[in-house]
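Hello,

Here is the structure I promised to pass on. Please have a look, then read my notes below.

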Amino acid sequence: MAFTQEQIDCFRKWGYAVVPDLFTSREVRAMRGELDRFKRDGLLRNVATDGDGQTHSQTQINLQICPITPKSAFYRALHFHPKVIALVEQLIGSPFVFYLDQIFLKPGKQGIGTDWHQDNAYFKVSDPAKGVGMWVALHDANIANGTLHIVPGSHREKYTHDRDPNSDHHIHCTVPEERAIPIELPAGGAVFFNFGIAHSTHANTTDRERAGLALHFLNTDHIPENARGTRRYTHLTGPLATGGKREYGLCVANTWFDEVDRVLV
Ligand SMILES: O=C(O)CCC(=O)C(=O)O
């Protein structure tokens, strides 16, 4: 699995690259199966608030699980997926680490968007081009159900962020919306973007739920000073990579296809 030169050029120039068919329909079924377990186990939290940043809304819903890894051997195995490793390496170079994962689920009609932000306003790494987010559509994602929107080229710009009053913990910013584009994807498709790219999702106006999975990866040389030498981030490539043994005490690499089988039985 490799990006085409055109996709690489788009990433370098505009800060993003789209892969419409990254995961198979079987893998997507397993991802949704594990998401259903999160729902059953009450692991998703409504982070939407009624405009004061505090009072959880009864009418607007933005369900989030973050981080996923401590709760799911299945999603943890995905970080080591050979396709994911190959693609991320092309964009940010090796060695690199897994940094963070989360899912946002937007129920039909009530699901609200996650407002505009640049991930690096949270992460604050010294060079946002050394980090990449991978947003995977767990259901077909389109304009009607509020798919991810991005501002191409915004990785070269820095916007001022403040607290989003419609979320209990997010920050947001104002972007030149006239430059924004929607990224429509079939389920299992993904968009990779530079930590500096401004992005948001919009309300789900359809009757059916829509979810997106976001994974973040960072070139090892750009791990923040205070986290170096800790086990906070999983080394996926390079001399410190142990297939997960160092971070989790067991080998996670190469377990993805078994995990898919396990979740689908
Ligand atoms: O899926 C969403 O609503 C937002 C995802 C996102 O903004 C992120 O992962 O940084």
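Buried residues account for 47% of the 265 residues in the chain. Please keep in mind that this is a predicted model.

Overall fold first. The chain has seven helices and 14 strands. Its C-alpha trace spans about 45 × 45 × 35 Å along the principal axes. The radius of gyration is 17 Å; a compact globule of 265 residues would have one near 18 Å, so the chain agrees with that expectation. Among contacts with a separation of 6 or more, 82% are between residues 24 or more positions apart.

Next, one of the sheets. Four strands make an open, antiparallel sheet in the order β5-β12-β7-β10. Its edge strands are β5 (117–118) and β10 (181–182), each of which pairs on one side only. β5 and β12 run antiparallel and are joined by two bridges. One residue to look at here is His117, whose bridge partner in β12 is His199.

His199 also turns up at the ligand. The residues around the ligand are Gln102, Phe104, Thr114, Asp119, Gly133, Trp135, His199, Thr201, Gly212 and Ala214. Four elements give two or more residues to this shell: β4 (96–106), β6 (131–137), β12 (198–201) and β13 (210–219). By class, the shell holds six polar residues, three nonpolar and one charged.

So β12 is worth finding in the viewer: β12 sits in the open sheet, and β12 also gives two or more residues to the ligand shell.

Best wishes

Terms used
Residues numbered from 1 in each chain as written. Predicted model: local features only at pLDDT ≥ 70, side-chain atom pairs only at ≥ 80, totals over all residues. Near = placed C-beta within 6 Å. Nonpolar A, V, L, I, M, F, W, Y, C, P; charged D, E, K, R; others polar. Rg over C-alpha atoms; globule rule 2.2 N^0.38 Å. Buried ≥ 20, exposed ≤ 12 C-beta atoms within 10 Å, placed from the backbone. Contact = placed C-beta atoms within 7 Å. Pairing = 2+ DSSP bridges.
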